[in-house]
Amino acid sequence: MIRILIIEDNAIKAQDIQRCLKEHYSDGALDIATAYASGVRRTYKEKYDVVIIDNSLPYYESAPSDIHPDMARIILDEFYDLGISPNSIICSAFDPGEKEVYFQNLVSQFDFCIGFVRYDGCSSDWENQLFSLIDSIKI
């Protein structure tokens, strides 16, 4: 059974990711954190096979409007500093070319960051890309 944590503050996007993962990994366990603090805390305390991270997140649930635009890097840095290396995937809605090089650099900087997916609520292309990254992991 695969265990996946989704760190995502947008309820619609989180539900969309959760829906497609439940359909594809029907026996999997899925959890959701909505901010940096809860996502890092859960990842540190629990064993996840995959952590899916949005790039723009608040630090705390209590301050949902205090969004940091590069939170994926901060979370990956925190994982590294804590000595944990969960298979991580950045899943963010970004314009092609805008953040692609930035995300490629994160993937090359952190060996446990296995890739990034451009989320698009109007298409299902991102779902297959997400499945491909998750399926490449030896669990």
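How far from Asp49 is the nearest side chain of opposite charge, and which residue carries it? In this predicted model, the answer is Lys47, at 4.7 Å. Asp49 is buried yet has no salt bridge; a salt bridge would need a side-chain nitrogen of Lys or Arg within 4 Å of a carboxyl oxygen, so the distance to Lys47 does not qualify.

**Around Asp49**

Let's stay with this residue for a moment. You will find Asp49 in the loop that runs between α2 (36-45) and β3 (50-53). A polar atom of its side chain sits 2.7 Å from the backbone nitrogen of Arg3. Once neighbours within four places in sequence are set aside, the contacts of Asp49 are Met1, Ile2, Arg3, Asn87, Ile137 and Ile139. Arg3 thus appears both in that contact list and as the owner of the backbone nitrogen at 2.7 Å.

**Helix α2**

Just before that loop in your sequence view comes α2 (36-45). Its buried residues are Tyr36, Ala37, Ser38, Gly39, Val40 and Thr43. What do these buried residues pack against? Their partners are the strands β1 (3-7), β2, β3 and β4, together with helix α3 (71-82).

**Ser56**

Another loop worth a look is the one between β3 and β4 (57-58), where Ser56 lies. With a relative accessible area of 29%, Ser56 is partly exposed. Leaving out residues up to four places away in sequence, Ser56 touches Asp9, Ile67, His68 and Pro69. Ser56 and Asn10 are 46 residues apart in sequence, while their C-alpha atoms are 9.7 Å apart in space.

**Cysteines**

How many disulfides does the structure hold? The count is zero. For Cys91, the nearest cysteine sulfur belongs to Cys20 and is 8.0 Å away. A disulfide needs two cysteine sulfur atoms within 2.5 Å, so Cys91 is in no disulfide. For Cys122, the nearest cysteine sulfur is that of Cys91, at 14 Å, and Cys122 is in no disulfide either. Are these two cysteines buried or exposed? Cys91 counts as buried, at 1% relative accessibility, whereas Cys122 is exposed, with a relative accessible area of 79%.

**Aromatic rings**

The structure holds 10 aromatic pairs. A pair of aromatic rings is described by the distance of the centres and the angle of the planes. Here are two of the pairs, described in that way:

| Pair | Centre to centre | Angle between planes | Arrangement |
|---|---|---|---|
| Tyr25 and Phe131 | 6.0 Å | 80° | edge-to-face |
| Tyr102 and Phe103 | 5.6 Å | 55° | tilted |

Tyr25 belongs to the loop between α1 (11-24) and β2 (29-33), and Phe131 to helix α5 (residues 125-135), so their pairing ties together parts that are 106 residues apart in sequence. Both rings belong to buried residues: Tyr25 has a relative accessibility of 11%, and Phe131 has one of 10%.

The other pair in the table has a mixed setting. Tyr102 counts as partly exposed, at 24% relative accessibility, whereas Phe103 is buried, with a relative accessible area of 0%. Which residues form one aromatic cluster with Tyr102 and Phe103? They are Phe94 and Phe116.

How values were computed. Residues numbered from 1 in each chain as written. Predicted model: local features only at pLDDT ≥ 70, side-chain atom pairs only at ≥ 80, totals over all residues. Heavy atoms only, no water. Helix = DSSP H or I, 4+ residues; strand = E, 2+ residues; numbered from the N terminus. Buried < 20%, exposed > 50% of the residue type's maximum accessible area, 1.4 Å probe, protein only. Lys, Arg positive; Asp, Glu negative; His and termini not counted. Polar contact = N/O pair within 3.5 Å; in protein donor to acceptor, adjacent residues only side chain to side chain. Contact = heavy atoms within 4.5 Å. Phe/Tyr/Trp six-rings, centres within 6.5 Å; stacked < 30°, edge-to-face > 60°.
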